[in-house]
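Work through the exercises below with the sequence and the model in view. Each task is followed by a stepwise solution.

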Amino acid sequence: MSEDFAALARSRPGGRPVERLPVVRFRAGRGSRASDLLASEEPLEIRLQGESVAVTMRTPAPGQDAELALGFLLGEAIVEPHQVARVSECRGDDPGGGIADVRLWPGEQSDAGWQRSFFATSSCGICGKASIDAVRLAAEPVSDGPAVQAHLLPSLPDALRSAQRVFDRTGGLHAAALFDSSGAPRIVREDIGRHNAVDKVVGSAAMDGLLPLDDHVLLVSGRASFEIVQKALLAGIPIVAAVSAPSTLATHLARDTNMTLIGFLRDGGFNVYAGEERVRDFQMPLQRSPE
């Protein structure tokens, strides 16, 4: 590739890497309305010679879609650097998505073994779908309720941590836990990927005939991505909490489907990004607090 192409790729407009969204902050028994900057999560379709190869969830930044697409194809040994003539970026039909198309020099051929369906997410890897349409789910909003007491929520991370047996020995695993609305843990699972831990929780509940999980809370270590909220939605879970931040796409999905989404769940409090009506027993001031 030429230096001119690299400069052009980095200069192209892209989506916003952050978005400010309203939030309810819970601290010391009181709630306040404010706003928070969240990292953007949007789908990018990676194409090779115009043919869809993968969809990955990423944080958009000008010029970096081209870098991501090329890096993905090189990392999967689908193409070699000398084969690439150019990479084109454009916004997709979905206003929240983009496309990066990698083109080869005439006469160059990619590794034919790539023709398998990729669906890469920001939290896992390859999951087996290959179009931006697959990111949008045809799922009904979750039902109203249950309510959970605000003072119970900060105790959940410690309950999750105390059940992480393999993490105690390795320090290298994510975890997901299913709690009932009283804060009692029902299922706890660990895995190298947080998405796998959630799949294990939902699979265990399904084996026990518990779906839909419409009176439970899902807690995940790390952040809450679109995929985590999507999995909870399909399992009928109305409340998703994370010890770190949610993404913008996760927040919008939660709001669109009547879910409650909680982030930064710690001893000192938490933030509610969607569905605050399910969190009970805390006071809200009459005036908006400073952001």
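**Exercise 1.** Which residue of β6 is the bridge partner of C90?

Solution. Step 1: take β5, residues 84-91, and β6, residues 98-104. Helices (H or I, at least four residues) and strands (E, at least two) are DSSP runs, numbered from the N terminus. Step 2: β5 and β6 run antiparallel and are joined by 7 bridges. Two strands pair if DSSP finds at least two bridges between them. Step 3: in β6, C90 has I99 as its bridge partner.

The model is predicted: local features need pLDDT of at least 70, side-chain atom pairs count only at pLDDT 80 or more, and totals for chains, interfaces and linings use all residues. Residues are numbered from 1 along each chain as its sequence is written, and side-chain values use heavy atoms, with hydrogens and water left out.

**Exercise 2.** Place β5 in its sheet and explain why one side of this strand lacks a neighbour there.

Solution. Step 1: write the order, β4-β3-β6-β5, an open sheet of 4 strands with mixed pairing. Step 2: β4 (51-58) and β5 stand at the edges with a single partner strand each, so one side of each has no neighbour in the sheet. Step 3: add the twist; neighbouring strands are turned by 20° against each other on average, direction ignored. Axes are lines fitted to C-alpha atoms, for helices over the stretch in contact, and angles run from 0 to 180 degrees between N-to-C directions.

**Exercise 3.** Trace the sheet of 8 strands and find the helices that pack on it.

Solution. Step 1: the order is β2-β1-β13-β12-β11-β10-β8-β9, open and with mixed pairing. Step 2: β2 (30-39) and β9 (185-191) are the edge strands, pairing on one side only. Step 3: from one strand to the next, the twist averages 25°. Step 4: β10 (216-220) and β11 (239-242) pair in the parallel sense over 4 bridges. Within that pair, V220 has A242 as its bridge partner. Step 5: helix α5 (194-207) packs on the sheet, touching β8, β9 and β10, and its direction makes about 140° with that of β9. Helix α6 (226-234) touches β10, β11 and β12, at about 155° to the direction of β10. Contact means heavy atoms within 4.5 Å.

**Exercise 4.** How many residues of α6 are buried, and what do they pack against?

Solution. Step 1: 8 of the 9 residues in α6 are buried, where buried means under 20% relative accessible area, exposed over 50%, partly exposed in between (1.4 Å probe, protein chains only). Step 2: among them are F226, V229 and L233. Step 3: the buried residues pack against β4, α5, β10, β11, α7 and β12. Step 4: after α6 comes G236, with a positive phi near 80°.

**Exercise 5.** Why does the pair of F26 and F270 count as stacked, and which strands hold the two rings?

Solution. Step 1: rings of Phe, Tyr and Trp (its six-membered ring) pair if their centres lie within 6.5 Å; planes under 30 degrees apart count as stacked, over 60 as edge-to-face and the rest as tilted. Step 2: the F26 and F270 centres are 4.7 Å apart and the planes stand at 15°, so the pair is stacked. Step 3: F26 lies in β1 (18-27) and F270 in β13 (269-274), so the pair ties together parts 244 residues apart in sequence. Step 4: F26 is buried at 8% relative accessibility, and F270 is buried at 0%.
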